[in-house]
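Me: I've got a structure open and I'd like to walk through it with you. Mind if I fire off some questions?

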Amino acid sequence: MTPRKIIIDTDPGQDDAVAILLALGSPDEIEVLGITAVAGNVPLALTEKNTRIVCELAGRPDIPVYAGCDRPLGRPLVTAEHVHGQTGLDGPSLPDPTMPLQAQHAVDYIIDTLRAHDAGTVTLCPLGPLTNIATALQRAPDIAEKVQQIVLMGGAYFEVGNITPAAEFNIYVDPQAADIVFQSGIDIVVMPLDVTHKALVTAARNDAFRNIGTPVGIAVAQMTEFFERFDKEKYGSAGAPLHDPCVTAYLIRPDLFTGRHVNVQIETTSELTLGMTVADWWHVTDRAPNATFIGDLDADGFFALLTERIARL
């Protein structure tokens, strides 16, 4: 099987870091062409730095990392230090990166890479706000037909919101960008809170990361321990949901996930429900389906895969 070529667009974030590590630990299935950083969980200066920290942790300083948009398309940046800590990667003590940040802007890299590859051979994997992806589509509409698929973490329907009563964080930060992406006509797979809240790091699953005994395994255990304190208090759950690794796990083992092809619209104007992903789960409108909205996963299979691949690094 030829590895699937992907660009990861990210705002690390502990769960973003684990998603990147899963991809880099799966070279038979995934070829990471490059990683683009966007402002989201923390400001851009930290997300691009954290991306390089994670690449070096994985022993992959050869992965090119690009800095992208430092603010949403039409509103002030909202960040999530209250969840991820002041650095975005609080938990483990990791050294500052020595690998370089690429000079090219992330949006230009996305456009150039898609234009340089055959249509249908590059998948975009956004793990944060969709600002970089939407900006690329606005600047170069021709790239839409080149994208094989967009597999993203964002949104919610039955699980409603985690940053407002109605909205999930990634979509809420830049709802205008999300609207552009969901109206692009590209094949989209969505990992909403409905599925990611079922990917809970329990004590036993966290122990499995630590028991790998490698610097990567221990760092992942420390990241998830820090990350979970917020979710345990907020939701009363047994641990933290690993949102973003659902994206990379889907590329490797889509059989672990189930969902429906439905219409998804983004609320961009309401003060009450700004950033809401309105998913027509029950097909009660005549709006054409535009995304596969994932609703469930095999959590044990997901964590078995994650532990095995983290152990390879």
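Me: Is phenylalanine 158 buried, partly exposed or exposed?
Reply: Keep in mind that this is a predicted model. Phenylalanine 158 sits in the loop between β5 (147-153) and α6 (169-173). Buried needs under 20% relative accessible area and exposed needs over 50%. Phenylalanine 158 has 47%, so the label is partly exposed.

Me: Which residues make the nonpolar surface patch, and what is its area?
Reply: Phe158 is one of the residues in that patch. The others are Trp282 and Val284, and the patch comes to about 380 Å².

Me: How many disulfides are there, and why?
Reply: A pair of cysteine sulfurs has to be within 2.5 Å to count. For cysteine 69 the closest cysteine sulfur is in cysteine 125, 18 Å away, so that is too far for a bond. Cysteine 246 also has its closest cysteine sulfur in cysteine 125, at 13 Å, again too far. The count is zero.

Me: Are cysteine 69 and cysteine 246 buried or exposed?
Reply: The cut-off for buried is under 20% relative accessible area. Cysteine 69 comes in at 12%, and cysteine 246 at 0%. So cysteine 69 is buried, and cysteine 246 is buried.

Me: What does threonine 196 touch, leaving aside neighbours within four places in sequence?
Reply: Threonine 196 lies in helix α8 (residues 193-196) and is buried, with a relative accessible area of 0%. Beyond its sequence neighbours, its contacts are Met153, Met191, Pro241, Leu242, His243 and Cys246.

Me: Which helix gives the most to the largest nonpolar core?
Reply: That core has 55 residues, and Ile8, Val32, Met191, Phe257, Phe302 and Leu306 touch the most other members. Helix α1 (residues 14-24) contributes eight residues, the most of any, so the name you want is α1.

Me: How many residues are in the other core?
Reply: This one lies apart from the largest core. Its members include Val107, Leu130, Ile171 and Val190, and the total is 38 residues.

Me: Where is valine 54, and how far is its C-alpha from that of aspartate 179?
Reply: Valine 54 is in helix α2 (residues 44-57) and counts as buried, at 1% relative accessibility. Outside the residues up to four places away in sequence, valine 54 touches Ala17, Ile20, Leu21 and Leu89. Aspartate 179 is 125 residues from valine 54 in sequence, and the C-alpha to C-alpha distance is 30 Å.

Terms used
Residues are numbered from 1 along each chain as its sequence is written. This is a predicted model: local features need pLDDT of at least 70, side-chain atom pairs count only at pLDDT 80 or more; totals for chains, interfaces and linings use all residues. Side-chain values use heavy atoms; hydrogens and water are left out. Patches are made of residues with over 30% relative accessible area and no salt bridge: like charges are joined within 9 Å, nonpolar side chains (Val, Leu, Ile, Met, Phe, Trp, Tyr) within 5 Å. Accessible areas come from the Shrake-Rupley method with a 1.4 Å probe; for residues, only the protein chains shown count as cover. A salt bridge is a side-chain nitrogen of Lys or Arg within 4 Å of a carboxyl oxygen of Asp or Glu. Helices (H or I, at least four residues) and strands (E, at least two) are DSSP runs, numbered from the N terminus. Buried means under 20% relative accessible area, exposed over 50%, partly exposed in between (1.4 Å probe, protein chains only). Contact means heavy atoms within 4.5 Å. A nonpolar core is a set of buried Ala, Val, Leu, Ile, Met, Phe, Trp, Tyr and Cys residues joined through side-chain atoms within 4.5 Å.
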